[in-house]
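Biologist: Before we begin, could you show me the structure, so that we can go through it together one question at a time?

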Amino acid sequence: MRIAVAGAGAFGLKHLDALAVIDGVTVTWVISRRLEQAEEVAEKYGAAHASTDLDDALRSDDVDAVILCTPTQLHARQAIAAMRAGKHVQVEIPLADSWADAQDVRRVQQESGLTCMVGHTRRFNPSHQWIHRRIDAGELSIQQMDVQTYFFRRSNMNALGKPRSWTDNLLWHHAAHTVDLFQYQTGEDVQIANAVQGPVHPELGIAMDLSIQLRTPNARVCTLSLSFNNDGPLGSFFRYICDNGTYIARYDDLVTGREEPIDVSSVDVSTNGIELQDREFVAAIREDREPNSSVREVLPCYRVLGELQTQLAAER
């Protein structure tokens with residue numbers, strides 16, 4: 001399978017590392033905003049072509065699928081362009097930064113019949129998979145999820161601490177992980193959603209602090225706190241408060257509520273959530289089936305985000 005990777009920043013490199021260990025996959029194109037960066041990364045990963053224009057790869061006969069690790073604001077438009085060019089596509093989270101754009105991507109996917117998967121990595125992290133399997137087995141029922149997503153980004157930096165050419169967003173990017181995971185783990189769509197936000201940054205134009213409450217029809221609740229002002233432990237921390245135990249997931253790692261480690265090494269073929277996500281993308285294309293985290297499956301998340309965006313806009 002021949003794959004083009006668009007975006008050579010922090011997450012583009014994570015996907016390139018993951019694809020390198022998947023049998024039968026060749027990265028044929030690397031696209032980046034700067035040609036020098038695209039050429040350097042293409043050489044490192046053995047890709048034959050480098051460009052600053054995604055359309056070059058979409059016109060190419062040596063591309064079967066595209067992974068988009070580009071700025072959020074480009075995701076929907078580029079995903080649609082990829083499918084219209086006959087390419088399967090995986091879009092890094094978020095699918096879009098508006099409910100209308102998310103629906104447009106789904107419509108084009110239905111029209112094309114191609115694989116369109118969204119990078120909701122939490123579905124694939126072994127820690128969350130372990131919880132999901134116990135829920136499916138009837139061993140656990142979630143009462144509440146308490147989630148903290150904390151970063152220190154008072155200037156426009158990416159995950160590698162390097163200057164970013166675009167502005168990130170707590171609601172459409174970081175909250176998307178939790179909103180989707182909450183619905184995935186409970187098996188219910190959110191019925192009630194509320195949000196409040198702190199002051200908007202005068203230069204970045206985004207709220208730096210955000211609080212979200214969610215509830216399902218069966219009264220399972222989620223409390224989510226997000227901040228770009230946190231000068232402390234960084235990342236996302238998921239506390240599952242269940243009828244039969246409490247568990248804390250930190251990306252691919254899992255402990256009990258008493259900080260006792262849980263071995264998740266045998267949950268899947270890897271302990272790397274990004275690699276597992278990419279393996280699912282490749283397998284779904286090869287097997288001509290819908291992938292976990294397809295655009296259809298994650299669309300309810302973006303409906304909730306759209307409702308929250310409307311609430312927050314009315315507050316201003």
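**Turns, charges and cysteines**

Modeller: In this predicted model, P94 is found in the loop that runs between strand 5 (88-92) and helix 5 (99-112).

Biologist: What is the peptide bond from I93 to P94, cis or trans?

Modeller: The bond to look at is the one leading from I93 into P94, and its omega is near 5°. With that omega, the peptide bond from I93 to P94 is cis.

Biologist: Where is A219, and what is its phi?

Modeller: A219 has its place in the loop between strand 9 (209-215) and strand 10 (221-227). A219 counts as partly exposed, because its relative accessibility is 46%, which falls between the limits of 20% and 50%. Its phi is a positive value in a residue other than glycine, and that value is near 65°.

Biologist: Is S293 buried or exposed?

Modeller: S293 is placed in the loop between helix 8 (273-287) and helix 9 (295-315), and its phi, near 75°, is a positive value in a residue other than glycine. Its relative accessibility is 0%, and a residue under 20% is called buried. S293 therefore counts as buried.

Biologist: How many disulfides does a search of the whole structure find?

Modeller: A disulfide is a covalent bond between the sulfur atoms of two cysteines, and here it would need two such atoms within 2.5 Å. The sulfur of C242 is 12 Å from the closest cysteine sulfur, which belongs to C222, so the pair is too far apart for a bond. For C301 the closest cysteine sulfur is likewise in C222, at 11 Å, and that is also too far for a bond. The search of the whole structure finds a number of disulfides equal to zero.

Biologist: Is C301 buried or exposed?

Modeller: The relative accessible area of C301 is 0%, and the limit for a buried residue is under 20%. C301 is therefore buried.

Biologist: Which residues gather in a patch of negative charge on the surface?

Modeller: One member of this patch is E39, which lies in helix 2 (residues 35-45) and is partly exposed, with a relative accessible area of 43%. The residues that gather in the patch of negative charge are E36, E39, E40 and E43.

Biologist: How many Å apart in space are D55 and A20, C-alpha to C-alpha?

Modeller: D55 lies in helix 3 (residues 54-58) and is partly exposed, at a relative accessible area of 37%. D55 and A20 are 35 residues apart in sequence, and their C-alpha to C-alpha distance in space is 24 Å.

Technical notes: Residues are numbered from 1 along each chain as its sequence is written. This is a predicted model: local features need pLDDT of at least 70, side-chain atom pairs count only at pLDDT 80 or more; totals for chains, interfaces and linings use all residues. Side-chain values use heavy atoms; hydrogens and water are left out. Helices (H or I, at least four residues) and strands (E, at least two) are DSSP runs, numbered from the N terminus. Buried means under 20% relative accessible area, exposed over 50%, partly exposed in between (1.4 Å probe, protein chains only). Patches are made of residues with over 30% relative accessible area and no salt bridge: like charges are joined within 9 Å, nonpolar side chains (Val, Leu, Ile, Met, Phe, Trp, Tyr) within 5 Å. Accessible areas come from the Shrake-Rupley method with a 1.4 Å probe; for residues, only the protein chains shown count as cover. A salt bridge is a side-chain nitrogen of Lys or Arg within 4 Å of a carboxyl oxygen of Asp or Glu. Lys and Arg count as positive and Asp and Glu as negative; His and the chain ends are not counted. The place of a charge is taken as NZ of Lys, CZ of Arg, CG of Asp or CD of Glu.
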